[in-house]
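Subject: Structure handover

Hi,

Here is the structure for you to look over. Please open it first, then read my notes.

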Amino acid sequence: MTSVKMPQLGETVVEGTILKWLKAEGETVELDEPLFEISTDKVDTEVPAVASGTLTKILVPEGETVKVGTELAVIEGEGGEEAAPEGGSAGVGAEELPEPPAGPDDAGTVSGRSAAGREASSGAPTPAPSLPERGPRSQILSPLVRRLAEEHGVDLAQVQGTGTGGRITKKDVLAYVEARSAAPAAPAAVPAAVGAPAGFQGAPVPPPATVAGGEEVVPVPRVRGLIAEHMKRSLEVSARAWNAVEVNMENVARLRERLKEAFKAREGFSLTYMPFVTRAVTEALVAYPMVNSELRGDQIVVKHYVNMGIAVSYDEGLIVPVLKGADTMNLLGIARAINDLATRARAKQLRPDEIHGGTFTITNPGPFGSLISLPIINQPESAILAFDTVEKRPVVIDDAIAIRHMVYLSLSWDHRLIDGALASQFLSRVKQNLETWDFAEDLAL
Amino acid sequence: MPRSGRLIRPEGPVPYREANALMHQLAEARLRGEGRDTLILLEHPPVYTAGRTSKDDHVVWTQEQIRRAGAELHAIDRGGSLTFHGPGQLVGYPIVDLGTRPEALGYVRRLEEVVIRAAADVGVTLHRSDVQTGVWSGDRKVCAIGVRLMRMRVSLHGFALNCTTDLSWFDAIVPCGLGHTGVTSMSELAGREVSVEEMAPLVTQRFAEVFDIRFDHEERSWPRASTVAASAS
C-alpha cells in the first residue's frame, strides 16, 4: 500500500489545492502516470503516481486545500495483498514507517527519488557505483541515464547495457522501466509488505484538516479572494485616517416623506436617502477636488469630474458600480442612475465600463443598522464616505432639546494626499448641503 | 558555463491554438530528456484564455461581444483566471526542465525578475506584488504570469508583457468592480511607444542572464508540426 501525499513545490510553499483527480477510485494507475492536478498560490502542476497499482481510496476531494505532506490517496500495489504478511504484525499507521526521517525538503515529496528510496530500503541491491563488469564501457553513465535511473528508481546494476562496449543507454533504462511496471512484483508491492493489516484497509481515515464539531470548511470563493486582496492592498498602500460629522437629515427626511409615494408612482422605485447624499457629496468633491484625486507614482492626478462609485452588496459579496459623470446630474438623474446600477449589479448584468473609472466611493451600511463605519479606501481613489443609519435622536437646537432625523457621515481618507483640515472642510460642506439645500426642485414633483 | 537553449521568436502573430500545441509538444519532449530548454517569444491575435479557476461569470462580455470584437475565447490548462493576449503584447512561453524537485515559487520569481530587469533597460521601474503573481507598477499590472508544470517538472505557459497593448481589451474580463486593480503597459509607463520589437531582445537577454542559458539556437520562423519532434531531439 502506497500513500500519496501532497507534494512540496518549493521550500516556501506550504499548501496546495487539489484541482482534479485524473483517476477515479478503483482505477489502475501506473508509476509516473499523471494521477492528479494541484494548484498552489503560484503554480499548477499535474502530479505523477508514485507507484503502480490500484487507486483504492481518495482521501481529499477536488477543491480542497491541504498542507504539504497530507495524505491524499492510497494506491494498493498489484499483488500487494499477497505480499503482505498474513496476520501482519504491523500496527495502525505503520505505513508511515518506510518514509525515512528526512529533512523538511523531503516531507511529502513524491518524486521518483523517494520511490527510489523505498526500493533501496526494501533490501534491493544498492545502486551504482558498483556496476557489474559487462564490457569496456559498461561503467560509463551519461547524465541523462543517471537522471532517468534516479527518476524511475532504477537500480542500474540490474540493467543490461546494449550500447557500444556494453554501455547503458537511455533506451535500456526505459525498456527496463517498462518491463518492470508490466511485471507483477512492481516496487509498489514493497511498501505493501509493511502495510496495515487487511482489516484496516478501506477503513475510513480521518480528514487531514482539523475540523472541530460544529465547524464547516469551505474553499474561499473567488470573489471573496479578490475582495480580500483588494482590501489588504489598500491598507498597505494608503495612510488611512478617519473622521466623521453628524448631519441633521430633517430637511431631507421631511421632503422624502412628503414626496415618496408620488415618486414611487411615477418612477417605479423608492426614493431612498442615497441619491440625496450622492448629490451633496458630488458638489463637495467639485468644491474640494483634492478629495477627488489620485496619487499616481510621484504625481497627483486631480480630477475635475466625478465618477461616483456606489458600493452594492450582493449574494457573492460586494461590487462597486460607477455612476459616471455624477457632477452633470441633478437629484432625479442620480436617483434613476443609482437604481439602475444597483438593480443590474445584483442581477450581475453590469457592463465592463460601468465598474471602473471611479473617482470616489460611497458605501451605505445604514440599511443594515450600522451606526458609524470605518471603511477602507477603494484604490486608487483617495477617500471613501460611509453613510450609516438615519434615525431619530434627541439633539440640542437653539438651546432646546429637539427630536430630529440624524445620521453620521464618516470619511476614510488617504493622509498622503489629504490632511485633517481638508477632510473636515469637505465633510462640513456635505453636511451643509444636506441640511440647507432645497432638493424639491430637482425632483419635479 | 551556461546551458544551451533554444529561442523561437516567430515574425508575425501566432494563433493561440498553435502555440499551445507546440509548447505541450516541446514539454513532452523535454520530459523524455530530449531537446533543450526553450523560450518561445511571440504575439497572439486577440484571444482570451480562461484558466482552471476562472468561471464563466468572470467574463464580463458575452461570447457574442468577444466574437464581435474579433477575439477568441479558450479554456486552457493553466492555473489562474482569465487573461487577454493580443497585438502589442510580448508573450513568453519558457519550456524549462525544473528537475525532480521543482522550486516552483522560485521559478515564478525568476520570471518576474526577467521582466523587471528588461523593463529597467528602457527606464521603467516595476516591482512584484506580495499577494499576486505578475509584475506591477503601483496598483497596475504590466505583466501577467501563469505557470503550469507538466508532471511536476517541466514548465508550461509563462508571461505576457503589455508593450503597446490596447488596454480596453481588458474591459471584457475585469471580474468585479472593486475599483479595478488595473492594467497598464510599458508604453503608458514610459510615456513613449515601447514596442514588442524593442522589448523582445531585452527580455531574451535578461532571460538568458537570469536562467543562465545561452540561446545558441535561434529560429525566426514558426516550427511546423512535423519539424517539432526533429528539432526537439
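The notes below go from confidence to cysteines, core, helices and sheet.

This is a predicted model: local features need pLDDT of at least 70, side-chain atom pairs count only at pLDDT 80 or more, and totals for chains, interfaces and linings use all residues. Residues are numbered from 1 along each chain as its sequence is written, chains are lettered from A and ligands numbered from 1 in the order in which they are written, and side-chain values use heavy atoms, with hydrogens and water left out.

**Confidence**

The model scores ipTM 0.76 and pTM 0.48. Chain B has an average pLDDT of 84 (the predictor's confidence in each residue, from 0 to 100). In chain B, 87% of the residues score at least 70. Confidence in chain B peaks in strand β6 (residues 89–95), at a mean of 97. It is lowest in helix α6 (residues 225–232) of chain B, at 43. Helices (H or I, at least four residues) and strands (E, at least two) are DSSP runs, numbered from the N terminus.

Two stretches need care. Residues 175–180 of chain B stay under 50, and the model gives them 21 contacts beyond four places in sequence (contact means heavy atoms within 4.5 Å). Residues 226–233 of chain B are also below 50, with 13 contacts beyond near neighbours in sequence.

**Chain B overall**

Chain B has six helices and 10 strands. Of its 233 residues, 61% count as buried (under 20% relative accessible area; exposed is over 50%, partly exposed in between; 1.4 Å probe, protein chains only). Among contacts in chain B with a separation of 6 or more, 78% join residues 24 or more positions apart.

**Cysteines**

The disulfide count is zero over all chains (a disulfide is a pair of cysteine sulfur atoms within 2.5 Å). Why is Cys163(B) not bonded? Its closest cysteine sulfur, in Cys143(B), is 9.0 Å away, too far for a bond. Cys143(B) is buried, at 0% relative accessibility. Cys163(B) is buried too, at 0%.

**Core**

The largest nonpolar core has 64 residues. A nonpolar core is a set of buried Ala, Val, Leu, Ile, Met, Phe, Trp, Tyr and Cys residues joined through side-chain atoms within 4.5 Å. Leu161(B), Met186(B) and Met199(B) touch the most other members. Leaving out residues up to four places away in sequence, Met186(B) touches residues including Leu161(B), Cys163(B), Val194(B) and Met199(B). Another core, of 61 residues, lies apart; Met274(A) and Leu417(A) are among its members.

**Helices**

Helix α5 (residues 196–211) of chain B has 16 residues. It reaches 21 Å from first C-alpha to last, close to the 22 Å expected at 1.5 Å a residue. The expected span is 1.5 Å times one less than the number of residues. Buried residues of α5(B) include Met199(B), Phe207(B) and Phe211(B). Just after α5(B), Asp212(B) takes a positive phi of about 55°.

Helix α8 (residues 274–287) of chain A has 14 residues, and its 20 Å between end C-alpha atoms agrees with the expected 20 Å. In α8(A), 11 of the 14 residues are buried, Met274(A) among them.

**Sheet**

Chain A has an open sheet of four strands, in the order β1-β8-β6-β3, with antiparallel pairing. Pairing takes at least two DSSP bridges between two strands. The edge strands are β1 (2–5) and β3 (28–29) of chain A. β3(A) pairs with β6 (residues 53–58) of chain A over two bridges. There, Val29(A) has Gly53(A) as its bridge partner.
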